[in-house]
Amino acid sequence: GHYRNGIYHYHGTSSAPYMIGNMVGQVTEDNTHQIIPQASSFPVRTENWGPLNGALITSCTANANNNGYNVAYTLNNISGYATNFSYNTAGVYTYTYVTPTATTVNNYNGFIPCQLPNAIIENRSEKNNVLIYPNPARGNLFLKFDADVSENDIQNICIYNLSGKLILRWENNFNTIDITNLTQGNYIVKIKLAKQILIKKLIVQ
């Protein structure tokens, strides 16, 4: 997610934990499978529906055109329900509501969808090949790699802000990174190796 014109836009991820920026407090689930706290949003649908009692989402996947999601769910333990939506570049959103007995389609006019060209997915492999320290940091940032990673494996190191904009890039001298020009805030460090990409979160004080 990211801010655009003062409004926070949410972008889905395909794996847990489904982290959403600008959420305060521990994210938990109540006994009706509702996520707490709920994120606020500006929906394109106009019905002002509340949560569907008895519904349990069983899958949420990006559609084949990568312009929306297909959400399957059960209702009171009965399968065969889905809400599938897609959008186009003009801001027209199409929702297809599937039940075991019928399918209906509604179109809505909404905001023009935004893009994140530098989407960031954190590396969650069991091996933690690099340690960045100190973190939070100020001045210089240091990298310590595991024994199975040599400096020759490193192709580049990039730092992005949370909107996906490239802020700094290094092609050599990887052991010490000068971050004195970074303003206070949160960043993403992307370390490109010969065979993998490592992603780390960085806090600048």
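# All strands, no helices: questions on a predicted model

Reader: How many disulfides does the structure hold?
Author: The model is a predicted one. A disulfide is a covalent bond between the sulfur atoms of two cysteines. The cut-off here is 2.5 Å between those sulfur atoms. By that rule the number of disulfides in the structure is zero.

Reader: Is Cys158 buried or exposed?
Author: Buried here means under 20% relative accessible area. Cys60, at 43%, is partly exposed. The figure for Cys158 is 1%. Cys158 therefore counts as buried.

Reader: How many helices and strands are in the chain?
Author: The chain has 205 residues. Its secondary structure has strands but no helix. The counts are zero helices and 16 strands.

Reader: What share of the residues is buried?
Author: The share is taken over the 205 residues of the chain. A residue enters it if its relative accessible area is under 20%. Buried residues make up 25%.

Reader: What share of the contacts joins residues at least 24 apart?
Author: The base is the set of contacts in the chain between residues at least 6 apart in sequence. Of these, the share that joins residues at least 24 apart is 35%.

Reader: In which order do the three strands of the open sheet run?
Author: The pairing in this sheet is antiparallel. Strand 10 and strand 14 stand at the edges, each with a single partner strand, so one side of each has no neighbour in the sheet. The twist from one strand to the next averages 25°. The order is 10-11-14.

Reader: Which residue in strand 14 stands opposite Leu141?
Author: Strand 11 covers 140–145, and strand 14 covers 176–178. The two pair in the antiparallel sense over three bridges. Opposite Leu141 stands Ile177.

Reader: Where does Pro134 lie?
Author: The peptide bond from Tyr133 to Pro134 is cis, with omega near -10°. Most peptide bonds are trans. Strand 10 covers 130–133 and strand 11 covers 140–145. Pro134 is in the loop between strand 10 and strand 11.

Reader: What is omega for the peptide bond that joins Asn135 and Pro136?
Author: Pro136 is found in the loop between strand 10 and strand 11. The bond that joins Asn135 to this proline is cis. Its omega is about 15°.

Reader: What is the phi of Asn76?
Author: Most residues other than glycine have a negative phi. Asn76 lies in the loop between strand 6 (68–75) and strand 7 (78–87). Asn76 is exposed, with a relative accessible area of 52%. Its phi is positive, at about 55°.

Reader: Is Asn77 buried or exposed?
Author: Asn77 is in the loop between strand 6 and strand 7. Its phi is positive, near 70°. Exposed requires over 50% relative accessible area. Asn77 has 77%, so Asn77 is exposed.

Reader: Which residues does Asn63 touch, not counting residues up to four places away in sequence?
Author: Asn63 lies in the loop between strand 5 (55–62) and strand 6. Asn63 is buried, with a relative accessible area of 14%. The residues touched are Gly68, Tyr69, Asn70, Phe85 and Ser86.

Reader: Which residues do ring pairs link into a cluster?
Author: Rings pair here if their centres lie within 6.5 Å. By this rule the count is seven aromatic pairs. The cluster consists of Tyr69, Phe85, Tyr95, Tyr97 and Tyr108.

Reader: Is the aromatic pair of Tyr95 and Tyr97 stacked or edge-to-face?
Author: Both rings sit on buried residues: Tyr95 has 11% relative accessibility, and Tyr97 has a relative accessible area of 13%. The ring centres are 6.1 Å apart, with 20° between the planes. Planes under 30 degrees apart meet the cut-off, so the label follows. The pair is stacked.

Reader: Which side chain meets Glu171 in a salt bridge?
Author: Side chains of opposite charge can pair when their charged atoms come close. The count for the model is one salt bridge. Its N to O distance is 2.6 Å. The partner of Glu171 is Arg169.

Reader: What is the relative accessible area of Arg169?
Author: Glu171 is partly exposed, at 46%. Arg169 is partly exposed as well. The relative accessible area of Arg169 is 45%.

Terms used:
Residues numbered from 1 in each chain as written. Predicted model: local features only at pLDDT ≥ 70, side-chain atom pairs only at ≥ 80, totals over all residues. Heavy atoms only, no water. Phe/Tyr/Trp six-rings, centres within 6.5 Å; stacked < 30°, edge-to-face > 60°. Buried < 20%, exposed > 50% of the residue type's maximum accessible area, 1.4 Å probe, protein only. Salt bridge = Lys/Arg side-chain N within 4 Å of Asp/Glu carboxyl O. Helix = DSSP H or I, 4+ residues; strand = E, 2+ residues; numbered from the N terminus. Pairing = 2+ DSSP bridges. Axes fitted to C-alpha atoms, helices over the stretch in contact; angles between N-to-C directions. Contact = heavy atoms within 4.5 Å.
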